[in-house]
There are 2 protein chains.
Amino acid sequence: MLGQRQKDILKAIIEEYIKTARPVSSKSLCKKFKVSSATIRNDMLDLENLGYLEKQHISSGRIPSEVGYRYYVDNLMEPKKISGEDMLKLQTIFTNNNLDLNSAIEKSLEIISDITNYTSVILGSASKDNLLQKVEVIPISNNTLVAIVITDKGHVENKQVTLPNTVDIKEVQKTSELLNKMLFGTPLNDVPSRLEFEIKPIIGNYVKNYEVLYNAFYEALSNFQGEKDVHWGGKANILKQPEFSTVDDVKNIISKFESKEIVNKIEETDDEIKVYIGTESALDDNVTVIKTKYNTGQNEGTLAIIGPKRMDYERVLTMLEYIKGEIEKKGD
Amino acid sequence: MLGQRQKDILKAIIEEYIKTARPVSSKSLCKKFKVSSATIRNDMLDLENLGYLEKQHISSGRIPSEVGYRYYVDNLMEPKKISGEDMLKLQTIFTNNNLDLNSAIEKSLEIISDITNYTSVILGSASKDNLLQKVEVIPISNNTLVAIVITDKGHVENKQVTLPNTVDIKEVQKTSELLNKMLFGTPLNDVPSRLEFEIKPIIGNYVKNYEVLYNAFYEALSNFQGEKDVHWGGKANILKQPEFSTVDDVKNIISKFESKEIVNKIEETDDEIKVYIGTESALDDNVTVIKTKYNTGQNEGTLAIIGPKRMDYERVLTMLEYIKGEIEKKGD
DNA sequence: TATAGCACTTGAGAAATTGGAGTGCTAAAA
DNA sequence: TTTTAGCACTCCAATTTCTCAAGTGCTATA
């Protein structure tokens with residue numbers, strides 16, 4: 001389909017556009033290919049007809065289309081070794097034994113954000129795979145206590161509970177023991193229903209005054225399944241990219257970043273590193289999202305880099321690859 | 001200094017500008033004051049000479065200056081009752097007993113953000129006033145454990161610790177007991193130094209293999225003092241304000257919101273509700289920040305509303321006043 | 001002290017002008 | 001068959017010009 005020179009030209013155009021963010025002209029490629037601009041133009045025309053290139057208007061240079069980027073990512077780019085400078089910055093993170101793995105991941109994505117001016121997101125593990133390991137109940141004052149739930153993966157959540165003064169501390173203790181016995185190993189998601197259908201019916205046998213206690217603990221333990229933790233790096237970085245040069249584009253992307261659905265749109269279930277270009281991202285037509293699932297043993301989630309479609313694919317991919325490797329090395 | 005009509009005119013101009021975001025002309029005030037536009041113009045000139053009003057260019061209407069807003073806030077505005085509609089939304093929050101106080105505060109500031117299109121920030125309590133109440137150590141796997149610190153105010157922090165396999169679980173237990181005995185009541189801030197100067201010298205007497213354990217716990221317990229929790233409401237809301245109509249303004253304010261110093265700039269130590277207009281805010285010349293310290297008994301921090309200088313001062317102030325009242329009612 | 005009248009200033013937007021960068025196409029050369 | 005030179009054509013982006021409406025300051029008068 002595509003001749004070799006055409007492939008080379010497509011690659012050159014995309015890489016030039018990634019660097020400069022300006023439409024690429026036939027003339028600017030002459031020296032490189034040692035042919036005349038007219039020859040390049042002929043190939044450009046072919047590439048445009050095949051859908052790999054676009055023009056902004058009839059007499060402008062060419063820019064890559066979404067299809068073009070896709071072809072580039074799938075066929076043309078050559079995953080390089082990570083550059084010495086980049087490597088240096090990342091290495092110090094993962095060889096630093098004082099950092100726990102989660103902090104190391106956060107730091108390393110922040111570094112990617114810093115050196116690329118893209119935005120990074122880490123989506124912490126959802127609680128659905130976490131099994132309740134222990135419920136701790138710690139009194140703070142005479143009618144307040146903190147309920148703490150620890151999962152088998154080391155995830156900790158807590159909530160304050162206020163009890164009426166009538167409740168005896170011994171009863172609290174009993175309730176806590178009962179909860180531990182009955183809920184051990186329960187997926188966090190299932191805690192509310194087990195509370196309601198298995199514990200509520202029998203708690204009266206063990207504990208006086210059980211309504212108050214049951215309600216308090218139900219309240220405390222049933223809100224835990226919710227929130228994923230989201231960690232952004234360089235959220236405002238993407239605004240430095242020249243594609244965001246109008247107020248509307250900026251407001252638009254920022255609103256999306258701040259919206260609540262962002263979490264669902266970013267979550268990735270595939271273990272491979274995946275590239276979602278423009279509309280493929282389901283996030284915004286102007287961005288590319290590169291993401292992957294990660295798994296530290298205790299923890300799993302999504303790593304994502306968000307940049308313009310004109311993203312430096314090779315660089316980001318190799319860096320993510322490296323980080324993923326380090327995580328797997330450490331996380332077992 | 002200012003005649004009564006001049007005060008009235010200043011007030012009218014500011015309130016009109018708050019409503020419309022457009023310079024106010026002399027003509028537009030004629031009907032209201034039942035004088036000719038020329039008369040209004042004379043007063044406007046005086047107000048401008050006194051520094052309360054500004055013009056964008058020689059033939060434009062007047063807009064309030066920072067000094068004008070300040071005078072308005074200090075002398076002219078009349079704190080109204082909270083409007084029925086606003087009240088309704090807030091009341092349902094604070095009368096809902098299923099919400100703990102912290103969530104109620106978050107929800108209520110989110111409501112302010114929603115109905116005003118300003119941005120709200122809640123700065124959680126710093127740990128400096130928190131005294132260590134308990135250290136819990138919970139094993140997750142055979143070489144991983146979670147260290148949990150609970151403070152007297154019910155604040156909970158946790159960190160995972162990985163130990164070499166050589167460590168005996170009994171020694172961990174002993175260490176944990178020692179830490180609890182020696183650190184009880186210590187301000188979180190002082191934990192690292194006490195670990196180093198009081199515990200390190202003696203831990204060898206109680207625990208075998210203490211270097212490894214000490215190092216692990218030092219690492220786990222000394223990073224707790226740090227992060228304040230920040231809770232934003234409607235972070236992108238402020239972009240809906242017409243003052244942010246150029247790319248630069250938008251990028252600028254967003255970058256500030258995302259910067260790390262924002263926390264220091266927002267933190268408030270005064271118990272009163274304070275108004276910081278424009279440059280007074282030390283945040284951005286284009287915004288006003290209204291903020292106050294809050295104290296729930298278990299928790300203290302800052303509530304802040306960030307909007308354009310052209311903020312609806314009366315409304316925001318009354319709403320914050322109300323919320324502060326509710327917090328104090330509940331928080332004891 | 002307030003008003004009517006008028007000259008003056010300015011920004012915002014529309015329309016016209018210009019220059020340059022780039023393309024597509026054709027016909028000739030390799 | 002592929003490449004190239006040459007040229008007409010298109011469009012944007014930047015600049016200039018023009019016009020209009022909104023609003024002011026000032027002065028003379030009620």
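This short talk covers the domains, the symmetry and the DNA contact surface of the structure above.

A caution first. This is a predicted model.

Start with chain A. The division gives three pieces: domain 1 is 4-76, and domain 3 is 130-222. Domain 2 comes in two segments, 84-126 and 228-330. How far apart are the centres of domain 1 of chain A and domain 3 of chain A? Over C-alpha atoms, 64 Å.

Now the two copies. Take chain A and rotate it by 180°. The shift along the axis is 0.0 Å, and chain A then lies on chain B with an RMSD of 0.1 Å. The two copies are therefore related as by a two-fold rotation axis. Which C-alpha of chain A is nearest that axis? That of V247(A), at 2.4 Å. And the copies use the same surface: of the contact residues of chain A, 100% recur in chain B.

On to the DNA, strand D. There are 19 residues around it. Five come nearest. From chain A, these are V35(A), T39(A), H57(A) and S59(A). From chain B, it is S25(B). Which elements give two or more residues to this surface? α3 (37-49) of chain A and α3 (37-49) of chain B. The top contributor is α3(B), with four residues.

What about residue character? On the surface near DNA strand D, ten residues are polar, six are nonpolar and three are charged.

To recap. A 180° rotation superposes chain A on chain B. Near DNA strand D, α3 of both chains gives two or more residues, and α3(B) gives the most.

Notes
Residues numbered from 1 in each chain as written. Chains lettered and ligands numbered in written order. Predicted model: local features only at pLDDT ≥ 70, side-chain atom pairs only at ≥ 80, totals over all residues. Near = placed C-beta within 6 Å. Nonpolar A, V, L, I, M, F, W, Y, C, P; charged D, E, K, R; others polar. Domains from an automatic or database assignment. Least-squares fit on C-alpha atoms with pLDDT ≥ 70 in both. Contact = placed C-beta atoms within 7 Å.
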